[in-house]
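Q: I am new to reading protein models and would love a close look at one part of this one. Could you walk me through it slowly?

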Amino acid sequence: MGFMDKWKMKFQKNEEETKEVSTKYKDGMKKTRQSFSGRINDLIARYRKVDEDFFEELEEVLITADVGVSTVMDLIDELKMEVKRQNIKDSKAVKDLISEKLVEIYYGEDDEQTEHLNLQEEQLSIILVVGVNGAGKTTSIGKLAYQLKQQGKKVVLAAGDTFRAGAIEQLDIWGERAGVDVIKQNEGSDPAAVIFDGIKSAKSRNADVLICDTAGRLQNKVNLMNELAKVKRVIEREVPGAPHEVLLVLDATTGQNALSQAKTFSEATDVSGIVLTKLDGTAKGGIVLAIRHELQLPVKYVGLGEKMEDLQEFDAHAFVYGLFADMLEED
């Protein structure tokens with residue numbers, strides 16, 4: 001069953017929801033799609049048959065989209081094998097195959113539940129949010145809090161980024177927008193103490209979810225690691241089994257630099273998922289696949305615009321549809 005067949009099945013199961021999600025991905029990934037599918041279309045128009053030169057140029061297109069060298073090599077190997085197995089001669093027939101393999105390479109051995117947040121049913125769920133300043137950390141926390149509240153959850157925020165000037169006020173503004181309480185202390189306070197207060201307050205308010213902000217300084221890696229380790233110890237002591245998610249916020253427009261940030265933060269704490277912001281602002285959306293494939297970390301949310309609702313739970317099928325929408329709809 002090809003990519004479009006699976007996509008149509010998804011559509012038929014829940015037409016309204018799938019239509020809404022696919023529109024958001026199609027609109028939000030316009031820059032990547034224009035660059036990516038334009039070049040693939042051009043490639044297919046120039047090569048009637050699938051040969052070594054075709055694969056070499058396809059490799060270049062994928063690397064330019066920031067899919068990542070090792071991911072591209074694996075993908076090309078898979079495509080070559082499948083082209084041989086299905087005895088595909090015509091380059092047009094490779095189009096659907098590329099879409100299918102991109103989804104497969106994203107999920108790997110995992111099922112499609114990797115995107116969902118690990119929220120607890122009967123106890124307080126704690127989400128620790130990490131990432132460098134400027135990646136969109138506070139904005140993502142605000143949007144996530146708003147969405148969880150829309151789902152009927154009682155949410156509390158803890159302003160653990162006490163290092164950056166204005167970070168507490170910024171979180172306060174987002175708390176107001178989302179309609180949730182923010183637990184804070186003065187600038188320069190011990191972040192672990194703020195998170196401790198946050199846990200106590202969330203419990204006393206019978207909250208469902210506590211989202212903790214943290215400092216994003218990368219220039220002193222040792223300090224960052226020590227601080228995150230201390231915060232994590234406090235959380236584990238107060239709520240055994242927590243944090244239930246450690247979300248790393250990365251800016252999609254920084255491309256391969258986002259990958260090196262992810263490696264640093266993964267050393268500092270057990271990152272469980274990625275929030276990839278500003279995907280609508282880059283032509284190199286392939287970074288989603290590089291992160292997943294090279295770091296074995298699921299992308300949980302992607303930022304596809306400025307509005308509260310534009311932080312979308314990641315869906316690899318919708319992402320690939322966003323990459324190829326014009327081409328797939330033509331077919």
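How many nonpolar, polar and charged residues are there in the lining of the largest cavity?

A: Happy to help! Keep in mind throughout that this is a predicted model. By class, the lining of the largest cavity holds six nonpolar residues, one polar residue and no charged residues.

Let's put names to that lining. The residues around the largest cavity are Val129, Ser140, Ile141, Leu144, Leu247, Val249 and Val275. Serine counts as polar, while valine, leucine and isoleucine count as nonpolar, so Ser140 is the polar one in this list. Two elements give two or more residues each to the lining: helix H7 and strand S5, which covers residues 245–251. The largest share, three residues, comes from H7. The volume of the largest cavity is about 30 Å³, and the count of cavities of 30 Å³ or more comes to one.

Now follow H7 outwards, to a pocket. Helix H7 runs over residues 137–150, and it also supplies the largest share of the lining of the second largest pocket, again three residues. The full lining of that pocket is Gly136, Thr139, Ser140, Lys143, Trp174, Thr277, Lys278, Asp280, Gly303, Gly305, Glu306 and Leu311. Look for Ser140 in the list: this residue lines the second largest pocket and also the largest cavity. The pocket holds about 230 Å³ of space. Its lining has two nonpolar, six polar and four charged residues, whereas the cavity's lining has no charged residues.

H7 has one more contact worth finding. The side chains of Lys137 and Asp213 meet in a salt bridge, with 2.8 Å from N to O. This pair links distant parts of the chain: Lys137 is in helix H7, Asp213 is in the loop between S4 and H10, and the two are 76 residues apart. In total, the model has 22 salt bridges.

Next, turn to S5, the other element we met at the cavity. In the loop between helix H10 (221–238) and S5 you will find Pro243. A cis peptide bond joins Ala242 and Pro243, with omega at about -5°. Another backbone detail sits at Asn206, in the loop between helix H9 (191–204) and strand S4 (209–212). Asn206 has a positive phi of about 55°, although it is not a glycine. Both details are good ones to spot, because most residues other than glycine have a negative phi, and most peptide bonds are trans.

Finally, step back to the whole chain. Its secondary structure comes to 13 helices and eight strands. The radius of gyration is 21 Å, close to the 20 Å that the globule rule gives for 331 residues, so the chain is as compact as a globular protein of that length. Along its principal axes, the C-alpha trace spans about 65 × 40 × 30 Å. On the surface, Ile63, Val69 and Met73 form a nonpolar patch with about 230 Å² of accessible area together. Of these, Val69 is found in helix H5, residues 69–86.

Terms used:
Residues are numbered from 1 along each chain as its sequence is written. This is a predicted model: local features need pLDDT of at least 70, side-chain atom pairs count only at pLDDT 80 or more; totals for chains, interfaces and linings use all residues. Side-chain values use heavy atoms; hydrogens and water are left out. Patches are made of residues with over 30% relative accessible area and no salt bridge: like charges are joined within 9 Å, nonpolar side chains (Val, Leu, Ile, Met, Phe, Trp, Tyr) within 5 Å. Accessible areas come from the Shrake-Rupley method with a 1.4 Å probe; for residues, only the protein chains shown count as cover. A salt bridge is a side-chain nitrogen of Lys or Arg within 4 Å of a carboxyl oxygen of Asp or Glu. Helices (H or I, at least four residues) and strands (E, at least two) are DSSP runs, numbered from the N terminus. On a 1 Å grid over the protein atoms alone, a cavity is a set of points where a 1.4 Å probe fits but cannot get out, and a pocket is an open set with protein on both sides within 12 Å along at least five of seven lines; lining residues have an atom within 4 Å of a point. Grid points are joined across faces, edges and corners, and a volume is the space filled by probe spheres set on the points. The radius of gyration is taken over C-alpha atoms; the globule rule is 2.2 Å times the number of residues to the power 0.38.
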